[in-house]
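Subject: Structure handover

Hi,

Here is the structure I promised you. Have a look at it first, and then read on for what I found in it.

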Amino acid sequence: MPADAIAPGVNLKINGDRLWETLMEMAKIGPGVAGGNNRQTLTDEDAEGRTLFQKWCEDAGCTMGVDTMGNMFAQRAGTDPDALPVYVGSHLDTQPTGGKYDGILGVLGGLELIRTLNDLGIKTKHPIVATNWTNEEGTRFAPAMLASGVFTGRHTEDWAYDIEDAEGKKFGDELKRIGWRGDEPVGERKMHAFFELHIEQGPILEAEKKDIGVVTHGQGLRWIECTVTGKDSHTGSTPMHMRKNAGRGLALVTELVHEIAMKNQPGAVGAIGHIDVYPNSRNVIPGKVVFTVDMRTHLLDKLEGMVDEFNARAPGLCEGIGVDFKCEIVGQFNPPAFDEKCVGAVRDAAQRLGYSHMDIISGAGHDACWINDVAPTAMIMCPCVDGLSHNEAEEISKEWATAGADVLLHAVVETAGIVG
């Protein structure tokens, strides 16, 4: 933050009722079938949500910029034309059966921050930019955090444009179709800092009865695609001792993944999610199983040790039952450690405002994890009921949303520098 930064007064708070009303209004676009939202990226519903966000931002006096990946940047001017902006935001796209808050809270919390500053006539030295990153969810066009990944140079724009959805439609074509491919070259913007407000998507804050999670790290991730090959044969007529059951190999490896994660507590997780079984027939012993192991922790050495142990032990488990095992890493990123000054600004804001808080590690990937590569970055989390997310039953309280946005306001304003 600037050397001459002034801490905002404790009475500086957002309008919680207005924030909640804005969240509920956005939720009317792309309603789900069970109370949540289906506003997947680059759909007509996504376009409608973007248009509403743009209107709100322009009504708040912001200028809107859109880059060639569809990322939206609503800027409130600062007093110093040479000062780099402080960015804040998240994403408006949802899962097919998503909730009303995942990502959306961070975008609309940024808008509410700007509205509050306007209401109070507060000027900042650095401009403030409320951001909507395209395709954070990655559910229609994989991978997740796609546009922020292109912004930071992790992916190329041409590669992203060529990604196809399940119907064979390309990302670049759909971005153009909905009218949100901007002219601004992606990645040219420079940032003074970036803050992302998000629901936790886990149960820790609610269980610990904390209002605010001060996110110090994100988890690193390794996705290991595994293929176990045996021999498909009749389940009724093949003697047990003569079977080459690839499904049994899957079972042994599943237990191995759990064992490795438990050995590396605290702060490590592991599971098998996606599974394809061949031939997937009721009366045929599986001859091949393809599945993906997901291992995560916020410590790089621990993560690499978990993968090394898996690679050392999994082949032997399968060999012991007469099936073959092969694997390769198909997705990975190292754990991000967020900027100490930005994290400190979040922690100080929560303390100053009297909100209960604790340090926490993000268990999910977020755009902030990529932006951390190019700018000082921090995240703020608020609780969600039962830790449930990526589900239409996802729920938070107005009080939790308000507390998170209050902390966001203070951290951003302190970093942007109050003038006068």
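A residue counts as buried here when its relative accessible area is under 20%. By that cut-off, 55% of the 420 residues of the protein are buried. Please keep in mind that this is a predicted model.

Let me begin with the overall picture. The fold is made up of 12 helices and 16 strands. Along the principal axes, the C-alpha atoms occupy a box of roughly 85 × 45 × 40 Å. The radius of gyration is 23 Å, which agrees with the value near 22 Å that a compact globule of 420 residues would have. Among contacts with a sequence separation of 6 or more, 80% are between residues 24 or more positions apart.

Next, the interior. The largest nonpolar core has 97 residues, and Phe53, Leu108 and Phe195 are the ones that touch the most other members. Helix H12 (residues 398-416) gives this core its largest share, with 11 residues. A second core of 24 residues lies apart from it, and its members include Leu256, Ala268, Phe291 and Cys318. As for Phe53, leaving out residues up to four places away in sequence, it touches Met26, Met64, Met72, Leu92, Val107, Leu108, Leu111, Ala130 and Asn132.

Now to the part I expect you will want to open first: the annotated sites. An unreviewed UniProt entry gives a "binding site" annotation to His91, Asp102 and His198. These three span 108 residues in sequence, but no two of their C-alpha atoms are more than 9.7 Å apart, so they gather at one spot. His91, Asp102 and His198 are also part of the lining of the largest pocket.

The unreviewed UniProt entry also has a "binding site" feature at Asp102, Glu137 and His390. This set is spread over 289 residues of sequence and yet clusters in space, with a largest C-alpha distance of 9.6 Å. Asp102, Glu137 and His390 again belong to the lining of the largest pocket.

Here is how some of these residues sit, one at a time.

His91 is in the loop between strand E3 (86-90) and helix H3 (104-120). Its relative accessibility is 0%, so His91 counts as buried. The side chain of His91 comes to 3.0 Å from the backbone oxygen of Asp93. Beyond its neighbours within four places in sequence, His91 has contacts that include Asp102, Trp133, Glu136, Glu137, His198 and Asp367.

Asp102 is found in the loop between E3 and H3. At 5% relative accessibility, Asp102 is buried too. What do its side-chain polar contacts look like? One, of 3.4 Å, is with the side chain of His91, and another, of 3.0 Å, is with the side chain of His198. Setting aside neighbours within four places in sequence, Asp102 is in contact with several residues, among them Asp93, Glu137, Ile199, Gln201, Ser389, His390 and Glu394.

Glu137 lies in the loop between strand E5 (128-132) and helix H4 (146-151). With a relative accessibility of 9%, Glu137 is also classed as buried. Not counting residues up to four places away in sequence, Glu137 touches His91, Asp93, Thr94, Gln95, Asp102, Ala144 and His390.

One more residue for your list is Gln40, in the loop between helix H1 (16-26) and helix H2 (44-59). Is Gln40 buried or exposed? Its relative accessible area is 18%, and the cut-off for buried is under 20%, so Gln40 counts as buried. Outside the residues up to four places away in sequence, Gln40 touches Asp46, Asp93, Thr94, Gln95, Pro96, Thr139 and Arg140. Gln40 and Phe141 are 101 residues apart in sequence, and their C-alpha atoms are 9.6 Å apart in space.

To recap the sites: both annotated sets, with Asp102 named in each, contribute to the lining of the largest pocket.

Best wishes

Notes: Residues numbered from 1 in each chain as written. Predicted model: local features only at pLDDT ≥ 70, side-chain atom pairs only at ≥ 80, totals over all residues. Heavy atoms only, no water. UniProt positions renumbered as here; feature names shortened; annotations may be inferred. 1 Å grid on protein atoms, 1.4 Å probe; cavity = no way out; pocket = protein on both sides within 12 Å on 5 of 7 lines; lining within 4 Å. Helix = DSSP H or I, 4+ residues; strand = E, 2+ residues; numbered from the N terminus. Buried < 20%, exposed > 50% of the residue type's maximum accessible area, 1.4 Å probe, protein only. Contact = heavy atoms within 4.5 Å. Polar contact = N/O pair within 3.5 Å; in protein donor to acceptor, adjacent residues only side chain to side chain. Core = buried A, V, L, I, M, F, W, Y, C linked by side-chain atoms within 4.5 Å. Rg over C-alpha atoms; globule rule 2.2 N^0.38 Å.
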